[in-house]
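Biologist: Could you take me through one part of this model in detail and then show me how it sits in the rest of the protein? I'd like to start from a single side chain and work outwards.

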Amino acid sequence: MGGVEIAVELVALVVAVLLVTAAARKLDWSAPLCLIAVGVVASYVPGVPEYELDPEVVLLGLLPPLLYATAIRTSLIDFRRNRGPILLLSVGLVIFTTVAVGVVAWLVIPGLPLAAGLAIGAVVAPPDAVAATAVARKVGMPRKLTRLLEGESLFNDAAALVALRTAIAAIAGSVSLLQVGGDFLLAAGGGLVIGFAVGAIAAMIRTHLEDPVTDTALSLVVPFVAYIAAEAIHGSGVIAVVVAGLILGHKAPSMLSGRSRLASRLNWQTIQFLLENIVFLLIGLQVRRIMTEVGHSGLSWSQLVLICAATLAATIVTRIVWMAGIGLARRVFRRHAWPWRYSAVIAWAGMRGVVTLAAAFVLPADTPQRAVLVLVAFVVVAGTLVLHGTTLPVLVRRLKLPPPDPAEDALQEAAVLNNMTRAAIEELDKIRTPDDPDDIVERLRSRLQHRSDSAWEELGRQSTLTETPSDAYRRLRLKLLEVERAKFLEARDSGMADDDVLRRILERLDIEESMLDREEETVPDSDRELRTPAATAGSCKHLTKSWPEVQPDVPGECAVCVENGMTWVHLRECVKCGNVACCDSSPGKHATEHFHDTLHPVMRSHEPGETWRWCFVDKQLG
């Protein structure tokens, strides 16, 4: 095949992915399912080239960047906190599924050795990260469940591929239990060591890189270096990639510049989008070739239907049984157990994807009933995507699982930004010198305070105030940016300045506009109370104290603002004396002034539907 033909096919794949995903998004359908369906139909269209999904291309070319893109966005803190449940799912469940499905395949496929049955069990064992988390985020699944599914998907591929490697060795000859344990320890240990080494070295190098282009180029090779190095010592390349990604994602805020982080985030999101969706399209394009090979297996269609149905059912049921067993064991041993609703959702979030089909093609050519096993893998992928992908959103809604609370997010954002602003202003007072112009210092102080105030103003969206000061600033600044951009275009068209100069100016405008774009973000719902977790106030004695109930002195208004003819943005109420005063986004800032005058430590929101409180002393929410 010539270079032009290859280029045309690649462009056709990308264009097809863009068109199908755009249509799926518009119709609110599952993009992976649509891509597979389009691929299946296209595989039977005359003239469509036959794309062969080479397993080495998937395992070496596609899997490392996909895992790395997920790992760098995964919180290492959350992973450590949930490492027990994640290991139960990514290692324990994979082994359980491998054995259970392997035995079922051995029983229903005529002439299949048990080792080959265990091989197909390992192939279908790992759920797909992309499909599960895409559904989780779409339906607003609780973040803890999303974190567990992401953590499971990062490491279950490693356990499944090690199990597959062992099963393939068993097909060729005898393998002892000691060898299996040794292979698993070598794979896990080697992957961990290489992952830590690559992550540490890459972090050290990237700390000294200031150019975003060079930094992004380095980040593109990290997953491949980690994978190849680990596989070279017979370790798990998957574990190495995941560990390196977790380390670099955790260190990114302290080792990279803001420009490098923005560039890296955008580039990896683009790579992940293209790769994962192209793979789903390629899965569908394999169907015609799979069916042609199955036609020479000597099995009747009724036998094939029974085999595929039994394997699919075993794959689904083993996950349900495992989750039920975990819940029962935790209750028997009086350990903290997940709510049964959480267990039900995790048990039903077992969509399979690219790794399953790629691993099926890894099976040696002389594997008994290889074509049937590949068909089984495809049916499990398509079946779980259809069954789980279409019913999981319904299950989440029926169980009434609480979605991420935008009100709680807004409160936490305001608290963190407030502490950041306070620390920055204190540092500004320390580092300023007599030679620093007062207007420059005041400009810095005003910019810092504005950022904090705008976050607090997000909490009062349900008030009668139609436009906060930050809203007005955003509206006016966006209008001015339109005028500035029009003048920029005039300068470009007239040749007033060099192109490099113009590009720098445009980049500055774009960065400022992106910082202003908060209107499209999720804001608290008008019918939801603004709350924060109890843990937020755990270290503050003022918030945990039981304050006596007091009535507000002047409900619905700031008396000082009324007296002085001033306006307010939002109202706050002192929990000790009931004084109602305006917030820090208001010109008077009378709530804070009341604290300084009386040292009453805690105020609550006086806005309708808001129940949060704020401690002036400890700077904490509760």
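What is the relative accessible area of Glu484, and does that make this residue buried, exposed or partly exposed?

Modeller: Happy to! Please keep in mind that this is a predicted model. Glu484 has a relative accessible area of 33%, so this residue is partly exposed: the value falls between the 20% below which a residue is buried and the 50% above which a residue is exposed. Its side chain meets that of Arg477 in a salt bridge, with 3.1 Å from N to O. Arg477 is at 13% relative accessibility and therefore counts as buried. The bridge thus has a partly exposed acid and a buried base.

In general terms, side chains of opposite charge can pair when their charged atoms come close. The count of salt bridges in the model comes to 18, and two others are worth a visit. One of them links Glu573 and Arg604, whose closest N and O atoms are 3.5 Å apart. Glu573 belongs to strand β1 and Arg604 to strand β3, so this pair ties together parts that are 31 residues apart in sequence. Glu573 counts as buried because its relative accessibility is 7%, while Arg604, with a relative accessible area of 24%, is partly exposed.

The other is part of a network: Asp78, Arg81 and Arg147 are joined by salt bridges that share partners. Within this network, the side chains of Arg81 and Asp78 meet at 2.7 Å, N to O. Both sit in helix α4 (residues 76–81), and because they are 3 residues apart there, about one helical turn separates them. Arg81 counts as exposed at 58% relative accessibility, whereas Asp78, at 18%, counts as buried.

Let us go back to β1 and β3, since the Glu573–Arg604 pair leads straight into the sheet. This sheet is open and has 5 strands in the order β2-β1-β3-β4-β5, with antiparallel pairing. At its edges are β2 (580–582) and β5 (620–621), each of which pairs on one side only. As a general point, strands of a sheet pair through backbone hydrogen bonds, either parallel or antiparallel. Here, β1 and β3 run antiparallel and are joined by 3 bridges, and Arg572 stands opposite Ser605 in β3. On the next step along the sheet, β3 (residues 602–605) pairs with β4 (residues 613–615), again antiparallel and over 3 bridges; there Met603 has Trp614 of β4 as its bridge partner. Helix α24 (residues 590–598) lies across β1 (571–574) and β2, and runs at about 120° to β2.

Now for the helices. The protein has 24 helices alongside its 5 strands. In helix α15 (residues 340–347), the buried residues are Tyr342, Ser343, Val345, Ile346 and Ala347. Their cover includes α5, α8 (143–172), α14 (301–332) and α17 (370–398). Beyond α15, the loop that leads to α16 (354–362) holds Met351. Met351 is buried because its relative accessible area is 0%. Its C-alpha atom is 8.6 Å from that of Ala382, although the two residues are 31 apart along the chain.

Another buried position is Ser264, in helix α12 (residues 258–285). With 10% relative accessibility, Ser264 counts as buried, and its contacts, once neighbours within four places in sequence are set aside, are with Arg206 and Thr216.

Helix α5, part of the cover over α15, also has a place on the surface. Ile95, Val99, Val103, Trp106, Leu107 and Leu114 form a nonpolar surface patch there, with about 530 Å² of accessible area together. Helix α5 (residues 83–108) gives the most to this patch, with 5 residues. Leu114 comes from helix α6 (residues 114–124) and counts as partly exposed, because its relative accessibility is 37%.

To close with the overall picture: the protein has 622 residues, of which 48% count as buried. Its accessible surface comes to about 30900 Å², with 62% of that belonging to carbon and sulfur atoms. The C-alpha atoms fill a box of roughly 95 × 75 × 45 Å along the principal axes. Of the contacts with a separation of 6 or more, 76% are between residues 24 or more positions apart.

How values were computed:
Residues are numbered from 1 along each chain as its sequence is written. This is a predicted model: local features need pLDDT of at least 70, side-chain atom pairs count only at pLDDT 80 or more; totals for chains, interfaces and linings use all residues. Side-chain values use heavy atoms; hydrogens and water are left out. Two strands pair if DSSP finds at least two bridges between them. Helices (H or I, at least four residues) and strands (E, at least two) are DSSP runs, numbered from the N terminus. Contact means heavy atoms within 4.5 Å. Axes are lines fitted to C-alpha atoms, for helices over the stretch in contact, and angles run from 0 to 180 degrees between N-to-C directions. Patches are made of residues with over 30% relative accessible area and no salt bridge: like charges are joined within 9 Å, nonpolar side chains (Val, Leu, Ile, Met, Phe, Trp, Tyr) within 5 Å. Accessible areas come from the Shrake-Rupley method with a 1.4 Å probe; for residues, only the protein chains shown count as cover. A salt bridge is a side-chain nitrogen of Lys or Arg within 4 Å of a carboxyl oxygen of Asp or Glu. Buried means under 20% relative accessible area, exposed over 50%, partly exposed in between (1.4 Å probe, protein chains only).
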